[in-house]
Amino acid sequence: MENKQNLNQVAGELRIDFVTGSVAHRLRFGGGRGQDLPKAMGLRAGKTPMIVDATAGLGRDSFLLASLGAQVTLIERSEKMHALLEQGMKRAAREGGQLREIIGRMTLLKGDALDLIPELAGEAILIDPMHPERKNSALVKQELRQVREIVGSDDDAADLVRLAIKHARKRVVLKWPSKAAPLEGVQKCSHQIIGKTTRYDVFMIS
């Protein structure tokens, strides 16, 4: 009973919304496959890989990729985040139309990506672990602080990247702060796509 109450409290504080706000704006004006994330994941004219989002979190990257036609499997190991994602996806699906179609391309799994990735035939695997805390915590949005409180730190991020490289069919993409040092314990990436605040380290599978 206590766990259910805690979950409801968190759900009241943090709400995953695919219908309005920044997600809706990005859907309408984001720039399609020319954006950094789709390019990093290998979405090009005539090519739409099957994607595994190994660290689903708020689900926004998965939603973007699904909006561009990709079939995306989301993995979330936190019970609380999984519940919030499930609720947000159901609300979006009830809207019908384009939103229902996008959600229809998203499959949400609960579990540890370290266990599930070997069972999935992901062409491209996206990994977006909790990023190192900024020195000025005021710069971090409240929403992301709430996510950190729920999921904690991803101390096994390097293990996850190494595992993904073994099992991905075409590529692994690590989403990381643009100015941060490379993730320790991981081989050098094939190439990078660098934005103002975020970079994508791309590991091509030969």
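**Pro-118**

I started with the contacts of Pro-118. Leaving aside neighbours within four places in sequence, I found Pro-118 in contact with Ala-113, Leu-163 and His-167. I was working on a predicted model. Pro-118 sits in the loop between helix 7 (113-116) and strand 4. I then looked up its accessibility. Pro-118 counts as partly exposed because its relative accessibility is 40%, and the partly exposed class runs between 20% and 50%. I also checked the distance to Lys-166. The two C-alpha atoms of Pro-118 and Lys-166 are 8.6 Å apart in space, while the residues are 48 apart in sequence.

**Overall picture**

Next I looked at the whole protein. I counted 9 helices and 7 strands. Of the 206 residues, 49% are buried. I took the contacts with a separation of 6 or more and looked at how far they reach. Residues 24 or more positions apart account for 68% of them.

**Annotated binding site**

I turned to the UniProt record, an unreviewed entry. The record places the feature "binding site" at Arg-60, Asp-61, Glu-76, Arg-77 and Asp-128. I followed up two of these positions, Arg-77 and Asp-128.

Arg-77 is in the loop between strand 2 (72-76) and helix 5 (79-94). Its relative accessibility is 38%, so I logged Arg-77 as partly exposed.

Asp-128 is in a loop too, between strand 4 (124-127) and helix 8 (142-151). Asp-128 has a relative accessible area of 22%, so I logged this residue as partly exposed. The cut-off for buried is under 20%. Which residues does Asp-128 touch, not counting those up to four places away in sequence? I found Thr-55, Asp-61 and Lys-175. Asp-61 is itself one of the positions in the record's "binding site" feature.

**Thr-198**

Lys-175 came up again when I checked Thr-198. Leaving out neighbours within four places in sequence, Thr-198 is in contact with Lys-175, Trp-176, Ser-178 and Ile-193. Thr-198 lies in strand 7. Is Thr-198 buried or exposed? I noted a relative accessible area of 19%, so Thr-198 is buried.

**Helix 4 against helix 6**

I then checked how helix 4 (residues 60-67) and helix 6 (residues 97-104) pack. Their axes come within 8 Å and cross at roughly 110°. I therefore recorded helix 4 as roughly perpendicular to helix 6. On the helix 4 side, I found Phe-63, Ala-66 and Ser-67. They meet Leu-99, Ile-102 and Ile-103 of helix 6. I sorted the residues of this contact by type: 5 nonpolar, 1 polar and no charged.

**Nonpolar cores**

Two residues of that contact turned up again in the largest nonpolar core. This core has 36 residues, and those touching the most other members are Phe-18, Met-41, Ile-51, Phe-63, Leu-65, Ile-103 and Met-106. I listed the elements that give two or more residues to this core: helix 3 (36-41), helix 4, strand 2, helix 5, helix 6, strand 3 (106-110), strand 4 and strand 7 (198-204). Which element supplies the largest share? I found that helix 5 does, with 6 residues.

I looked at Ile-103 on its own. Not counting residues up to four places away in sequence, Ile-103 touches Phe-18, Phe-63, Met-89, Ala-92 and Ala-93. I also noted another core of 23 residues, lying apart from the largest one. Ala-158, Ala-168, Val-172 and Phe-203 are among its members.

How values were computed
Residues are numbered from 1 along each chain as its sequence is written. This is a predicted model: local features need pLDDT of at least 70, side-chain atom pairs count only at pLDDT 80 or more; totals for chains, interfaces and linings use all residues. Side-chain values use heavy atoms; hydrogens and water are left out. UniProt positions are given in the numbering used here, feature names are shortened, and annotations may be inferred rather than shown by experiment. Helices (H or I, at least four residues) and strands (E, at least two) are DSSP runs, numbered from the N terminus. Buried means under 20% relative accessible area, exposed over 50%, partly exposed in between (1.4 Å probe, protein chains only). Contact means heavy atoms within 4.5 Å. Axes are lines fitted to C-alpha atoms, for helices over the stretch in contact, and angles run from 0 to 180 degrees between N-to-C directions. Angles under 35 degrees count as roughly parallel, over 145 as roughly antiparallel, 65 to 115 as roughly perpendicular and the rest as oblique. Ala, Val, Leu, Ile, Met, Phe, Trp, Tyr, Cys and Pro count as nonpolar, Asp, Glu, Lys and Arg as charged, and the others, Gly among them, as polar. A nonpolar core is a set of buried Ala, Val, Leu, Ile, Met, Phe, Trp, Tyr and Cys residues joined through side-chain atoms within 4.5 Å.
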